[in-house]
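Q: Please take a close look at one part of this model: the packing inside each of its chains. Set that packing in its context as you go.

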Amino acid sequence: MMINKTLARLALLGTVSIATSAFAAPPVNLEAAKVLAQTCQACHGADGNSTAAIYPRLAGQYADYLARALQEYRAGERNNPIMAVYAENLSDQDISNLSAYFSAMPGQLVDLHGRMEGQ
Amino acid sequence: MRLRSACPEPVVTSRMRKGKPQALTFATQIAILLCLLQSPFQPAGSGTFEMTRALLLVLALFSTTTVLAQDAKGDPAEGRLKAYTCTGCHGITGWKNAYPNYHVPRIGGQNYDYLVAALTEYKNGGRKHPTMRAQGESMSDADIADIAAFLSNLKSAE
């Protein structure tokens, strides 16, 4: 009885999460992203690990955060004259492609969990 | 403004013209400097034009060197102490911003100069996120430099 209920709940949860993820993320095209990413390479590096300190590292950053940032540059809500030029003509699909692409690259970005105590 | 006619896009973009005055990035300053050097203003010969050009050049040079002079990095040990308040959001793996829903960014191991620029943009309103704006406004330039020094020294374990 208990097991059946639990199973039913799990199944329900599964359907819900599949449904929401289908809504949230349009299918990502990494091949298209690879081509578009050549525009970004000069500043952010081919793999998103910018070596010039004035440019942010994109490799390993959360994809949804990168997408949010690009939408803000495109809308002018983040006021940056350089990125405004590069985000201006990106479609929503381009943005989710590029964000998934750079997020999947290996990099050195970390959150601060467990980083506050000594070295 | 004279710069507009003399410099090609994207050095002076439409957004810059429309937007509030903002601190120019180092890269933008260099670009303006270069284009001032290359493109003569209007018909030369008239003394006022030459004067304006020389003046602008001096100004551009001055602001560039100011940025260079500020290049000294902050103190990472100080930055570690000052970054405690940040862990509430940036220290919880997978933590999300609500409305709209997206992950709080990973900031450890990010590049120093970029971190300084990003925090300064929250401070002066170039970026709009409300809680990060509040964080930025409460920081001095020295706080920003210290925190950026601490954060940029962090790297993933491998």
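A: **Packing in two chains**

Of the 119 residues of chain A, 38% count as buried (under 20% relative accessible area; exposed is over 50%, partly exposed in between; 1.4 Å probe, protein chains only). This is a predicted model: local features need pLDDT of at least 70, side-chain atom pairs count only at pLDDT 80 or more, and totals for chains, interfaces and linings use all residues. Residues are numbered from 1 along each chain as written, chains are lettered from A and ligands numbered from 1 in written order, and side-chain values use heavy atoms, without hydrogens or water.

Start with the make-up of chain A. It has six helices and zero strands (DSSP runs, H or I of at least four residues for helices, E of at least two for strands, numbered from the N terminus). From the N terminus, the order is α-α-α-α-α-α. Take the contacts in chain A with a separation of 6 or more (heavy atoms within 4.5 Å). Residues 24 or more positions apart account for 67% of them. The accessible surface of chain A is about 7,000 Å² (Shrake-Rupley, 1.4 Å probe). Carbon and sulfur atoms hold 63% of that surface.

Now the helix pair in chain A. Helix 4 (residues 63–75) of chain A packs on helix 6 of chain A at an angle of about 140°. Their axes are 8 Å apart (lines fitted to C-alpha atoms over the stretch in contact, angles from 0 to 180 degrees between N-to-C directions). That makes helix 4 of chain A oblique to helix 6 of chain A (under 35 degrees is roughly parallel, over 145 roughly antiparallel, 65 to 115 roughly perpendicular, the rest oblique). The crossing of the two is right-handed (near helix turned clockwise from the far one by less than a right angle; anticlockwise is left-handed). Helix 4 of chain A brings A:Ala63, A:Leu66, A:Ala67, A:Leu70, A:Gln71 and A:Arg74 to the contact. Helix 6 of chain A answers with A:Asp92, A:Ile95, A:Ser99, A:Ala100, A:Phe102 and A:Ser103. By class, this contact has seven nonpolar, three polar and two charged residues (nonpolar: Ala, Val, Leu, Ile, Met, Phe, Trp, Tyr, Cys, Pro; charged: Asp, Glu, Lys, Arg; polar: the others, Gly among them).

Stay with helix 6. A:Asn97 lies in helix 6 (residues 92–103) of chain A. A:Asn97 is buried, at a relative accessible area of 4%. Set aside its neighbours within four places in sequence. A:Asn97 is then in contact with A:Pro27, A:Val28, A:Asn29, A:Leu30, A:Ala32 and A:Ala33. Another reference point is A:Ala37, 60 residues from A:Asn97 in sequence. C-alpha to C-alpha, A:Asn97 and A:Ala37 are 9.6 Å apart.

Next, chain B. It has nine helices and two strands. Along the sequence they run α-α-α-α-α-α-β-β-α-α-α. Chain B has 158 residues, and 39% of them are buried. Residues 24 or more positions apart make 56% of the contacts in chain B with a separation of 6 or more. The accessible surface of chain B comes to about 9,100 Å². Of this surface, 64% belongs to carbon and sulfur atoms.

The helix pair in chain B is next. The axes of helix 7 (residues 112–124) of chain B and helix 9 (residues 141–153) of chain B come within 9 Å. They cross at roughly 140°. Helix 7 of chain B and helix 9 of chain B are therefore oblique to each other. Helix 7 of chain B passes helix 9 of chain B in a right-handed crossing. From helix 7 of chain B come B:Tyr112, B:Leu115, B:Val116, B:Leu119, B:Thr120 and B:Lys123. They meet B:Asp141, B:Ile144, B:Ala145, B:Ile147, B:Ala148, B:Ala149, B:Leu151 and B:Ser152 in helix 9 of chain B. The contact of helix 7 of chain B with helix 9 of chain B has ten nonpolar, two polar and two charged residues.

Last, the strands of chain B and their loop. B:Pro100 sits in the loop between strand 1 (96–97) and strand 2 (102–103) of chain B. B:Tyr99 lies in the loop between strand 1 and strand 2 too. A cis peptide bond joins B:Tyr99 and B:Pro100, with omega about -5°. Phi of B:Tyr99 is near 45°, a positive value in a residue other than glycine. B:Tyr99 is exposed, with a relative accessible area of 81%.
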